[in-house]
Amino acid sequence: MRRREPHPDLRELLESERRRLDEVATELVVMIRDNIEMYRDEAAVPTALLQRSARSNLEGILNFLEFGQEADISAARRTGQERAAQDIALPEVLRAFRLGFVCFWNWMLTAARERDERAVTALTDMVSELWVLSDEFSTAVTESYRREKTKQAVALDRRRSALVAGLIDGTLGDHQTPWEIAQLLDMPFEGAFLVVVAETPPADGRALPHLEDHLSLRDIRSAWRSQPDREIGIVHRNRRHTTEGLLELISTTATSRVGVSPEYTCLDRTSRGARFASIALEAMPAGSTGMKQLPDTPLGELVLSHPDTTRRFVRRVLGEILALPDEDRSTLLSTAQAWIGAHGSAAEAGRILYCHENTVRYRMRRVEERLGIALDDPIKHAEFAAALEAIQVFPDLSTVRLEPDQRI
């Protein structure tokens, strides 16, 4: 903004009043502190800094009116940046600027009235330009404030992402303790946590669109790290929500494969949870959509440590059944799983499967014959039960027919 050549009477007024600039800036500081609560805390905005800002902005207005020069809004930009860094709310910052223009107008109007009528007329003739200048100052403050807040958000997001990576990878070292990281992530150190690993869809989509927003609306804290092929998050479940409800929310937002860890209680166990969640994701069929959570069982611990070994173990124990045609394979495996779940009771397994108990006994004899084992042998029974449970982790082992050369 550039104004016309100032009226001589106005210039004289401004020249004479410039000597009071420091005095009026002090009055403005008092006015701001009296009228805006956020500015009353000197720890938030030190008096020296507020005094400097008040003087710089008042001087900018004076220069614009007295010399007819292009408006210098650098002081307003600097103020917007400083207040954003001090975490003063933008509406309060803008309110302080409005008070600044009110203070300037009252100062000049009082001085003009004390001088003469010509000074009052010269001052009132430029009032519209003063309000346009006020708008320019407000715009400069707002833009500068928002730029600084954006920078802060980006820096914080990078910092949080690095902390999440450290927790997941277990590479924090001695620089920061999990307690300190919990504070930086705005989470407790102890509580109920889940790690969520979501596969990024190939078509530039998000694996869990808006999940972070949904969690935030429910006051559920989370921290995330994005990788080229995955999104990984640490989620803290508070006492107002159940595990089942949280899992349902994650499941309903999934657009690809999502693995979830068992719930754990200390933030320093995040790396273990991340391994569980990653294996849960990988256990789902490629290209599928949905969520899978592994149970925290001894077998789950084995799978976590040696997934390839677990697959070989399943094939060695159940290979002769896994090599059967689809219908036979599915029938024998579902019967065996029901029988194990019924603690070896053919009658109870029959009720689960809606078939006669003699049918269950017949099928289980077929299982023993096919595998060449006796299920009353404790070791063979244990191996058989473990292999069936492992299929729950790797369902693809039971849905795809095993070729002869894959049985060991």
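Reader: On the other side of α6, which residues are exposed?

Author: E117 and R118 are exposed there. Exposed means over 50% relative accessible area, buried means under 20%, and partly exposed is in between, with a 1.4 Å probe and protein chains only. Helices such as α6 are DSSP runs of H or I with at least four residues, strands are runs of E with at least two, and both are numbered from the N terminus.

Reader: Is this an experimental structure or a predicted model?

Author: This is a predicted model, where local features need pLDDT of at least 70, side-chain atom pairs count only at pLDDT 80 or more, and totals for chains, interfaces and linings use all residues. Residues are numbered from 1 along each chain as its sequence is written, and side-chain values use heavy atoms, with hydrogens and water left out.

Reader: Back to α6. Which of its residues are buried?

Author: Helix α6 covers residues 117-125, and its buried residues are A119, V120, A122 and L123. Seen down the axis of α6, they fall within an arc of 165°, so they line one face of the helix. The arc is that of the directions from the helix axis to the C-beta atoms.

Reader: What covers them?

Author: The cover includes α1 (8-17), α5 (90-115) and α7 (127-169).

Reader: And what caps the N-terminal end of α6?

Author: D116 does, with a side-chain oxygen 3.1 Å from the backbone nitrogen of R118.

Reader: New topic. How many helices and strands does the protein have?

Author: There are 18 helices and six strands. The radius of gyration is 36 Å, well over the 22 Å that the globule rule gives for 408 residues, so the protein is more spread out than a compact globule. That radius is taken over C-alpha atoms, and the globule rule is 2.2 Å times the number of residues to the power 0.38.

Reader: What box do the C-alpha atoms fill?

Author: Roughly 115 × 40 × 35 Å, taken along the principal axes.

Reader: How much of the protein is buried?

Author: Buried residues make up 46% of the 408 residues. As for contacts (heavy atoms within 4.5 Å), residues 24 or more positions apart account for 73% of those with a separation of 6 or more.

Reader: What is the mean pLDDT?

Author: The mean is 87, and 93% of the residues reach 70 or more. pLDDT is the predictor's confidence in each residue, from 0 to 100. Among the elements, helix α18 (residues 396-399) has the lowest mean, 70, and helix α16 (residues 357-371) the highest, 95. Where pLDDT is low, the predicted coordinates should not be read in detail.

Reader: Now E66. Where does it lie?

Author: E66 lies in helix α3. E66 is buried, with a relative accessible area of 4%.

Reader: What is E66 in contact with?

Author: Leaving aside neighbours within four places in sequence, E66 is in contact with P6, R11, L14, E15 and R18. With R18 there is a polar contact between the side chains, at 2.8 Å. A polar contact is a pair of N or O atoms within 3.5 Å; within protein, one must be able to donate a hydrogen and the other to accept it, and residues adjacent in sequence count only if both atoms are side-chain atoms.

Reader: How far is E66 from E12?

Author: They are 54 residues apart in sequence and 8.5 Å apart in space, C-alpha to C-alpha.

Reader: What about R230, buried or exposed?

Author: R230 lies in strand β3 (residues 230-237) and counts as buried at 17% relative accessibility. Its side chain makes a polar contact with the side chain of E282, at 3.2 Å.

Reader: And T243, which side chain does it make a polar contact with?

Author: The side chain of R237, at 3.2 Å. T243 is in helix α10 (residues 243-253) and counts as buried at 18% relative accessibility. Not counting residues up to four places away in sequence, T243 touches R237 and E263.

Reader: Last one. What is phi of Y354?

Author: Phi of Y354 is near 60°, a positive value in a residue other than glycine. Y354 lies in the loop between α15 (346-353) and α16, and at 78% relative accessibility Y354 counts as exposed. Phi of D219 is also near 60°. D219 is in the loop between α9 (211-217) and β2 (221-226), and counts as partly exposed at 36% relative accessibility.
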